[in-house]
Amino acid sequence: MDIAADTGTPIYAPTDGTIAHVGINDDPQGYGSWLVIDSQNECGLDFTFGHTPPSSFVNPDTGRQWRFGDIVHAGQKIAVVGNEGGSSGPHLHFETFGAPGRFGGPDLDPNVMWLRDAVDPRGVTTGDGQGSLVGKLLVDFSAGVPTAQQIQSSGFVGAIRYISDPRAGWMIGKPLRRQEADDLRARGMVVVSNFQFGKSDWLGGAEQGRRDAERGIALHREAGGPDTAAIYVSVDASPSEEQWNSLVRPYLQAWQDRLGKDRLGLYCNYPTIDWAIRDGIGTYFWMHNWGSNGRVHPAAHLHQFEIDKQKVAGVGIDRNRILKEPFGQWGSTPAPVTEPARPGPIAADAGYPITWYGGPGYDAGHGAYLRIYLHTTENQEWTTRAENVADYQARQQDGSYHYLVDDEHIINTVTTKNTAWGVLSDNRVSVQIAMVGTSGTVETWSGANPNREERPKTREQWLAHEKKLDMVAFVIATVARDYEIPIERVDIGGVGANLRGVSSHNNYTYGSVILKGFKDGTHWDVPDTFPYDVVLAAAKRYAGIKDDPDRFPLPAGHYWGPLDGPTESWSNTYGNEPQSSKDGLRRWQETIGIPGSGIFDNATKQAATRMQQLWGWPVTGNVYEGEWNEVIHNGWRLPAPEPPKRTLPIDPGPKVQRSKKIEDATGPGLTDRFGMAATDLGVMARTPSGRILAVFGDTFRGPRVGDGDWRAPVALFSDTKMLDQGIAWSEAAGGDPNYARQLWDYPHDNPVFSTVLPSDVITVGETMYLHVMVNKGLGNVVWTEIWKSTDDGHTWQHTGAKFDPGLHRGLAQLWTWDVAEDGWVYVFSTGFQRDKPLILRRVRSDRIADPGGYEGWGWKDGAWGWGNEPTPVLEGAGSADKFGEMCLRRIQGKWVFVNFDSSNVGGYDIDVRVFAEITDNLYEAHKSTPIRGVGWGQEGDDAVAQLYGPSIVPGSTLDRGFHILLSQWKTEGPDRGWPYRVLQFKIPVSSHTELRDDGAAGSHGGR
């Protein structure tokens, strides 16, 4: 978009961000000079400002010219309007880009994405009720409760808070409490209500929506939430349109029927907002990025642009941008405190008389009883007697129950030897117990029954019928004892799975969809607000059953396992599993010492696998009753990981005068036991405990490129102490010691990138750092990033540090680095095209994950210095021209730099440079060429065909043996794809830094 303005008109940053590009006359026919602000973390956009004079590129915080990575604040002057480049008159060329940003992201309409709802960034105020909140930040969290002061001092104007119960023990921030809400509002801050119990509450459809709405509204009110404020209901997924129509929309419609359209908000993605607007669901929209494809919906009121990357008072948080006002926030006046009803306990007497009162219809005989179904007769409470209902059923002969229970007594109207007419197609396998009364909130009325399914009786209303519930418990115990029916809750999912136990007509109606293949009727009595826990506990007492809280919660023969397993496999992710399954698995997880997710996840599979290995059981990774009993009943725990042991020094062997191949380090018979017969690279470092870790690139199960299970990066550990004997691999990283899993999950050849390759790995104190290149095909880097490990290299987490592929003119893609005695980490880098020169940067070791902490070594004003834009330190003809894979290490007080030289002249070999200071003139540094490239069939100890990817083996020294790994990949011919492997060589390296030796004089044929 072109915005006309006079030359010199100030340009202000529309929001917070960082400088992603400073273009100084680098686009003479287009922008001329231009700036890019990366606000992906703030609002999911990058902003481009073109035709701007570079003299105006002044950072007001430093007085210097803007630099890549500089922090920008909303409302700061960043430049002025100019007439640079291909411009016909003074104006600002303004662009907006979605993820991942200006370089690689989609070009979006600035008017739709920003300008239409924008406010002057210089005038936005804080959440004190004065001025607009648009553009400001809200926080959401669940793992703790920061104070209002801590939230406000962290730059937030308010909080989006859960009015839902915690689904895991670590969610101590759920639900919102009144004191917290009052504290926020007392500081003039915003409060927004959000309901989310699980990741996919909507899988339960309308019935789940009704239950959730009742609970959410109650918690909202208990926290002081006004009846005028919105409640955002979560669709924390990227559902298909079919799922929207069949599950999500009915779930939200149930909320809307209870709450009202004007108060319903949706937490969802871009397509879901479109469908909601089309179908008239909700008024407010809080958008997340999952499935939004880098876009921000123009109808969104709030945008969650960052998840779990920052903390407030030690609590992990998400950040959200306010896009429109109002957005359903609470009013400014706290609501009065109302104490909820406190029901008393149900009595547990010795039992009750059951009176025979025949007359209602029945079918002779019955099948094998599976379930007890609870009903209500839909009569008025307290006044209708059981006999009145029995008389009516006797006259009508179209419905009956085995037992009728009112507030005073129990009658038996159909013997359990026969079949009562209570639940249509399931009558012959079930016993019917009906409570005289209603399942709705209105207990007495005149005229027609006003109760509806969307207004079910509350738990407090049920518990008020103390004696009736206790009599129901007694009848359940009597029937369960006679027919060996478990006194266990069977919910909708349990009915669908045909489980035995105690259920309701409501649960049969909805469970019949799975059980019978159709919805068998429309009855909604008894809803899930019924206090099953209280009634079933009393029934067990009557039945003389000692409640065993440690029993295995799944049916016999069933287990927790993957979603795509057989019927007996419970993943707890399908959506219809009973809460007892989720609670039981969560308990097993937390007891054995892993996060209590309540679902069958990778951590659960790994823990079960390890347990089965240690016990010598069949290894499936599933959690059976045996695994449950050992952990819950017998107290078995996973053995604590042994503390890292400082291992013995690595012996590199004596010094050599000529290069020598030690052995193949990978390939069939060597690494295929880890599922990596074909692999390359192997960048190496010593772990905090002293082991050797090698991180490999594209890896395949079979012996050729492409032979199954493509992974990258993967890693292996070695405990080798004698390098001359060859490196032996001990186990794999990534969670499975016997199979080299990809270090983090992502799909290869996805729409954004194809693979992730390691540049280099280092150890700083107790933390390891791995720099990787995210590629869309070899040589086409999309971005680079840094991962870290704090458990000796076994598992890896993203640090949040990402780098643009165009950084420093594309010379900061392929890295190698090491930490020096002065506390700085020094980085050599180049492009990942094997045709570019080398630059030098550095970063303090405690700021490795901070992209703004890196500074270049460059030539400026007639001198070299730190803090300048990096200038190539090796470029030109010959072996200082084109750099491929490389490795920099600090060894015995010297710098050693090993690289693949892909130069056209005097190249295609492995060069080694040794120098004293990192800023030494590398053109004069001591250089040797211990390995040269040759053709296939010409290989020897110092000659390798199609070589690349050198890495220095930990333990190498300058005064004794020096070892490297090399990669080799045959890319042509009928047998191309193998060899594709890593080789170990021992090479001569001089410790003298004052000499220059250009190495072997032999020809470098056979490229």
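## An open sheet of five strands

Asp-818 has Tyr-826 as its bridge partner in strand S36, and this pairing is a convenient place to begin reading the structure, which is a predicted model. Strand S36 covers residues 824-830, and six bridges join this strand to S35, the two running antiparallel. Both strands belong to an open sheet of five, arranged in the order S35-S36-S37-S38-S39 with antiparallel pairing. At the edges lie strand S35 (814-819) and strand S39 (863-866), each of which pairs on one side only, and from one strand to the next the twist averages 25°. As a general point, the strands of a sheet pair through backbone hydrogen bonds, and they may do so in a parallel or an antiparallel way.

Tyr-826 also takes part in a cluster of aromatic residues, where ring pairs link Tyr-826 with Trp-857, Trp-859, Trp-864, Trp-866 and Trp-895.

## Aromatic pairs and charges over rings

Over the whole structure, a search finds 42 aromatic pairs. One of them joins Phe-195 and Trp-255, whose ring centres are 5.2 Å apart and whose planes meet at 55°, so the pair is classed as tilted. Phe-195 belongs to strand S12 (residues 190-195) and Trp-255 to helix H6 (residues 241-259), and the pair therefore links parts of the chain that are distant, the two residues being 60 residues apart. Both Phe-195 and Trp-255 are buried.

A further pair is formed by Phe-753 and Trp-783, with ring centres 5.8 Å apart and planes at 75°, so this pair is edge-to-face. Because Phe-753 lies in the loop between strand S30 (729-732) and strand S31 (755-764), while Trp-783 lies in strand S33 (residues 781-789), the pair ties together parts that are 30 residues apart in sequence. Phe-753 and Trp-783 are both buried. The ring of Trp-783 has another partner, since the charged end of Lys-802 sits over this ring, 4.1 Å from its centre. In a similar arrangement elsewhere, the charged end of Arg-489 sits over the ring of Tyr-532, at 3.9 Å from the ring centre.

## Two buried serines

Tyr-532 leads on to Ser-504, because Tyr-532 is among the residues that Ser-504 touches when those up to four places away in sequence are not counted, the others being Tyr-373, Leu-374, Asp-525 and Val-526. Ser-504 is found in strand S23 (residues 501-504), and with 0% relative accessibility this serine counts as buried. The side chain of Ser-504 reaches the backbone nitrogen of Asn-507 at 3.0 Å. The C-alpha atoms of Ser-504 and Trp-524 are separated by 8.7 Å, although these residues are 20 residues apart along the chain.

Ser-718, in strand S29 (residues 714-718), is likewise buried, with a relative accessible area of 1%. A polar atom of the Ser-718 side chain lies 2.7 Å from the backbone oxygen of Ala-728. Ala-728 is also one of the residues in contact with Ser-718 once neighbours within four places in sequence are left aside, together with Arg-691, Ile-692, Ile-727, Trp-729 and Ser-730.

## The buried residues of helix H16

Which residues of helix H16 (residues 625-633) are buried? They are Glu-627, Trp-628, Glu-630, Val-631 and Ile-632, and what covers them includes strand S24 (559-560), helix H14 (579-592) and helix H15 (602-615). In general, an α-helix has 3.6 residues a turn, so residues three or four places apart point the same way. After H16 comes Gly-635, whose phi is positive, near 75°.

## Backbone details in the loops

Two peptide bonds that lead into prolines deserve attention. The bond from Ala-712 to Pro-713 is cis, with omega near -5°, and Pro-713 lies in the loop between strand S28 (692-696) and S29. The bond from Trp-978 to Pro-979 is also cis, with omega near 5°, and Pro-979 is found in the loop between strand S46 (963-969) and strand S47 (980-986).

Two residues other than glycine have a positive phi: for Asp-792 the value is near 70°, and for Gln-892 about 50°. Is Asp-792, in the loop between S33 and strand S34 (797-803), buried or exposed? At 10% relative accessibility, Asp-792 counts as buried, whereas Gln-892, at 46%, counts as partly exposed. Gln-892 has its place in the loop between strand S40 (883-891) and strand S41 (894-901).

Note on methods
Residues are numbered from 1 along each chain as its sequence is written. This is a predicted model: local features need pLDDT of at least 70, side-chain atom pairs count only at pLDDT 80 or more; totals for chains, interfaces and linings use all residues. Side-chain values use heavy atoms; hydrogens and water are left out. Helices (H or I, at least four residues) and strands (E, at least two) are DSSP runs, numbered from the N terminus. Buried means under 20% relative accessible area, exposed over 50%, partly exposed in between (1.4 Å probe, protein chains only). Contact means heavy atoms within 4.5 Å. A polar contact is a pair of N or O atoms within 3.5 Å; within protein, one must be able to donate a hydrogen and the other to accept it, and residues adjacent in sequence count only if both atoms are side-chain atoms. Two strands pair if DSSP finds at least two bridges between them. Axes are lines fitted to C-alpha atoms, for helices over the stretch in contact, and angles run from 0 to 180 degrees between N-to-C directions. Rings of Phe, Tyr and Trp (its six-membered ring) pair if their centres lie within 6.5 Å; planes under 30 degrees apart count as stacked, over 60 as edge-to-face and the rest as tilted. A charge sits over a ring if NZ of Lys or CZ of Arg is within 6 Å of the ring centre and within 35 degrees of the ring normal.
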